[in-house]
Amino acid sequence: MSGSKSDILWSPHHPDRYVICDSELGLYRIGPAGCAELKAGTVPLSGETAATLLAINSDTPYMKCVAWYPKQEPECLLAVGQANGRVVLTSLGQSHNSACKELVGKEFVPKHARQCNTLAWNPVDSNLLAAGLDKHRADFSVLIWDISSKFSPEASVSAEKIRLSSSDLDPSLVVTKPLYDLGQNDACLSLCWLLRDPKLLLAGMHRNLAVFDLRNTSQKTFVNTKAIQGVTVDPHFPDRVASFFEGQVAIWDLRKFEKPVLTLTEQPKPLTKVAWCPTRTGLLATLTRDSNIIRLYDMQHTPTPIGDETEPTIIERSVQPCDGLIGTFAWHPSRQNRMVVVSATNRAMTDFTVFERISLAWSATTSLMWACGRHLYECAEDGPEGAQGLLEQDIATKMRQRAQSRYGHDTVQVWRNHLLAGGNDSQLKSLWFDLFYMKQCAEDAELKLQGNKQAIVYSGIKNIVKTSSGTTESRKCWSGSERQTEATRFHSEERGLALRLCGWMGRASDVDVEPFLRSLEQEREWERAAAVALFNLDIRRAIQILNRGAMAEKGDLNLNVVAMALSGYTDEKASLWREMCSSLRLQLNNPYLCVMFAFLTSEPGAYDGVLYESSVAVRDRVAFASMFLNDAQLPRYVDKLTNEMKEAGNLEGILLTGLTKDGVDLMESYVDRTGDVQTASFCMLKGSPGEVLKDPRVQCWIENYRNLLDAWRFWHKRAEFDIHRGKLDPTSKPLAQVFVSCNFCGKSISYSCAAMPHQGRGFSQYGVSGSPTKSKVTSCPGCRKPLPRCALCLMNMGTPVSSCAGTGKSDDKVDLTRENKLAQFNNWFTWCHNCRHGGHAGHMLSWFRDHTECPVSACTCRCMQLDTTGNLEPLDSS
Amino acid sequence: MELHILEHSLKVASIEKEGIQICTHGLIKLAFLASKTRYVHSSPSRRQTCTLALDFKELPESEHISVAEATWLALNVVSGGGNASNSQPIGVTKIAKSVIAPLADHNISVFMLSTYQTDFILVRERDLPMVMHTLSSEFTLLRVVNGETVAAHHLGVTNGFVKPKLAPRPIIHPLSSPSNMFCVTSLDPDTLPSVATLLMDVMFYSGGSKESGAGGEDTSHIRFFSFSLIEGYISLVMDEQTTQRFPNNVLFTSASGELWKMVRIGGQPLGFDECGIVAQISEPLATADIPAYYISTFKFDHALVPEENIQSVIGALRSESNLA
């Protein structure tokens, strides 16, 4: 054997057998490597598989190419092309049984000897074997042999003056007359039968690719090219063919055979093998000489929305199946993406599976999909019920649900927004109550307070207490007893405002805490109510509340015990009660019960046990502080607490910072921690439209939230948000950006009306807004020339759309406003920016529901497809 | 029919026997190590070695080497239509009427080179416009540029519409036919290394030993050996005895095992300017439907015809010859 490259062939019918041919033919069977002891002739291929050598055939010298008989019977029949052009049929691992006995050993001899380059069995008519030979001046290079033909000596001898040398084999096995001979005076380097028709043969000739048709052998289709080696048909696209020359692969489409559809990037070294993956569409593997990688080209057609031109997109990557240089490889005929690789140097084999690229896609919502091979995996976030609700939901999911439940849009009962948010986030609850109380105070303040007092409501308790002046002290008695308390309570206007912002007091005049207590009782916050009552120096009320709590349904009976302990209160400094309470209170689980005893047992003016009990809500601690801390202590405490809140990004701190720059700082750290731009946007919009909204951070949150809504395709929610934002921040309203201008005078038809409101018609008359029934104006207000006509109804624009079927019948006036709005939109001007045809928006929409091309006859513009977002559906209900 | 104009520029040179030793290195490089786009053709016969080489720089300058000044281009006829009806006659005969005769009519000198695989017609580069004009009516002219085949643009040269003179062409040079028979064959380029020493021996050395005593065998026995490596294809012409020296199965022998007889044209070196010599020989053969190979060398031309046809060939050519 003279320097021929090795090759590898999978059995067409046994998925576990393959043949390696270099100087001889070796038949291997592939199996699991699990067997304990390796039998002789077994070589490991990979971690899981091993190959067993079944048979060796070295009968045929000078092998140049091999092809495996494609039919089931006789199995393992191989055609071998030799260096002198002869094609010999041989078999492997078969006891010479009857099935192929008459075929094995048969030789097909060309008239003039030269190298046989390639062999190809016809996949349908399996008697036909095509052989491609080198050039001879007068002979044919593509010979198609019929393996079933019988030798007819007399005819051949007379015609061809055969002088067979004595060394030849049994003459009955030698065939010299091919069924077809094609390609005179040319060389054939590669061959393959086309899957389109079994009578068509594609051949890579000396300088061209030719398609021969056996039904008419005098004709051939051909194209001049250098890329004539290794022609191979894509098993998934019968019209797609690959061939190569040196380092370059050309992909051809037989329907448009004039030039390659595409050529792949050239490799520095010449290619040795190019093969389509039989189990995966559009995957081409290529191997170059002296290389340790196999290069894969993934060719997929991706439809582009614009135009009909589709270019196959190619993704190139390489795999390295084994360490050494690769001699050759072969795809497994049926196992997905599997191949066997033979090393160039030592015939070492590797069983290798090419892993698919993993493509991954996020949905507009939180679910994630990825595809690997033929598997598609979806990964969705577990709902609250899934995974026992242990995992907190992702903030994106939360925001999405909240957006759907119109979170942030309740502008009257502001506190209700926390319920819209799900009602289980204490920080949000506190935030929305803060905002609610601020709003309440602000509205109240408008009536009562003068001047700039309103602004101070939104500037937070931190600023309020700083301005505190005229503080009065009072020592009240425990209500219901004559005993004076030791605690000094401070009063001032600002402290009163702070208490109101904390929610403890209702109205400015009203200093009674009773309504607040009642509401707490209603919400079954017994401990908190008791604490609030106690801080208001009503120990009896506190005990009452605890009793009620103990007796209530599912109440905690321990509250009775606490009530008993409370009732034993004594202001005796050295009493046992004091001593025990101050130590045992720390063992109470409920922080409010704990702070109650802390308050009772602490020295006047030193309420650290209450103030620094972090489990107690900030509002309660601040309310407590504004009652019992003096003017020196209070700002210090509030400052300290504010910084703490800012650092932690705790929304409860908004009470202290208000909607000021401090508040933005706090919100910043909250957003940094949670990513909740939704809450941040809504919260900051409530602030005074001054500095806070101008803060770039706030603008950034708002823009991000809008983008988020867009990304979720919550376009209606986005619009609602923009409206909401426009109300609170009028500067954010965008100016009109699109105008309809008249074709004749070039003036904007809406602008001219808006500019001259008194000169007759209002804007409403153009059907852009206002009642459709009144709209009659169909000419430009500037020059009185008619407006263009709708391509569908052929009426001039400005004519209202006659109510379409759905709206016309609606007698019930349930949703009249919305209907009206839709009708108005139907009257809008719409036109395609490409072909400039258009008409009423309603007409256009209904047209493109069923059509792809422009309604104007002879216009082939695919208007709607040009709009990439035009085909997307919003995901939120309007 | 397509006529391919190949992209190589060739020179024709001759090396005297005495000069071979200084050129051996270059010749071996050309002959055996040549990359596939080179044309190498060497026909050592009797006293000189004829060499055509693209990469002529390989050879040293020497008084033993004579180089014809013209640069030659190779033409190759390809039956692009895939006309498979008739395989005979082959070789020069096939193109005699379509190419060689028209060229001869237009006084264009050609240098023929038949190989195992195909026939090359060499024309001088300066004659190319005329060649294209002459042949454009019958052939699709294609030019090979950087390996890609492209349609050759017609140069629009008409040479003043010289009417071809359709005079009969008598054979004017003496013919001789040796008694030994020749074999036209090829071998697998992969096996070249294994027979390289043998080939070198045949080409450069073995002839010398017999040379001295072989003065009188001119007419009965011609020593002729031709080796060509063209675009990766090897073609060999050698006499029957030489084939015995090659190992079994290396040479491509045709199924019919055909052998060829030689007709040598010319008593004096023919030179390169005279035209119509190939036509003189090939036309009678084409008329008689006899296949032939035709190999031009620096001094003489050689035609190879099937052994069984030699008598009819001699007869046909004698009748044409004005010296007969």
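Colleague: Quick one: are α12(A) and α14(A) roughly parallel or roughly antiparallel to each other?
Modeller: Roughly parallel. Angles under 35 degrees get that label, over 145 is roughly antiparallel, 65 to 115 roughly perpendicular, and the rest oblique. Helices here are DSSP runs of H or I with at least four residues, strands are E runs of at least two, and both are numbered from the N terminus.

Colleague: What angle and axis distance do they pack at?
Modeller: About 5°, with the axes 12 Å apart, for α12 (residues 558–567) and α14 (residues 591–601) of chain A. The axes are lines fitted to C-alpha atoms over the stretch in contact, and angles run from 0 to 180 degrees between N-to-C directions.

Colleague: Which residues make that contact?
Modeller: From α12(A) you get A:Leu559, A:Val562, A:Ala565 and A:Leu566, and from α14(A) A:Leu593, A:Met596, A:Phe597 and A:Leu600. Contact means heavy atoms within 4.5 Å. The residues split into 8 nonpolar, no polar and no charged. Nonpolar covers Ala, Val, Leu, Ile, Met, Phe, Trp, Tyr, Cys and Pro; Asp, Glu, Lys and Arg are charged; the others, Gly among them, are polar.

Colleague: Any ground rules I should know?
Modeller: It's a predicted model, so local features need pLDDT of at least 70 and side-chain atom pairs count only at pLDDT 80 or more, while totals for chains, interfaces and linings use all residues. Side-chain values use heavy atoms, without hydrogens and water, residues are numbered from 1 along each chain as its sequence is written, and chains are lettered from A and ligands numbered from 1 in the order in which they are written.

Colleague: Switching to rings, how many aromatic pairs are there over all chains?
Modeller: 31. Phe, Tyr and Trp (six-membered ring) pair if their centres lie within 6.5 Å; planes under 30 degrees apart are stacked, over 60 edge-to-face, the rest tilted. One of them is B:Trp72 with B:Phe111, tilted, at 5.7 Å centre to centre and 55° between the planes.

Colleague: Where do B:Trp72 and B:Phe111 lie?
Modeller: B:Trp72 is in strand β5 (residues 72–78) and B:Phe111 in strand β6 (residues 110–114) of chain B, so the pair ties together parts 39 residues apart in sequence.

Colleague: Are those two buried or exposed?
Modeller: Both are buried, meaning under 20% relative accessible area with a 1.4 Å probe, protein chains only; exposed is over 50% and partly exposed is in between.

Colleague: And what share of chain B is buried?
Modeller: 60% of its 324 residues. Chain B has 7 helices and 17 strands.

Colleague: Which rings make up the cluster in chain A?
Modeller: Ring pairs link A:Trp504, A:Phe516, A:Phe535, A:Phe599, A:Tyr607, A:Phe624 and A:Phe628.
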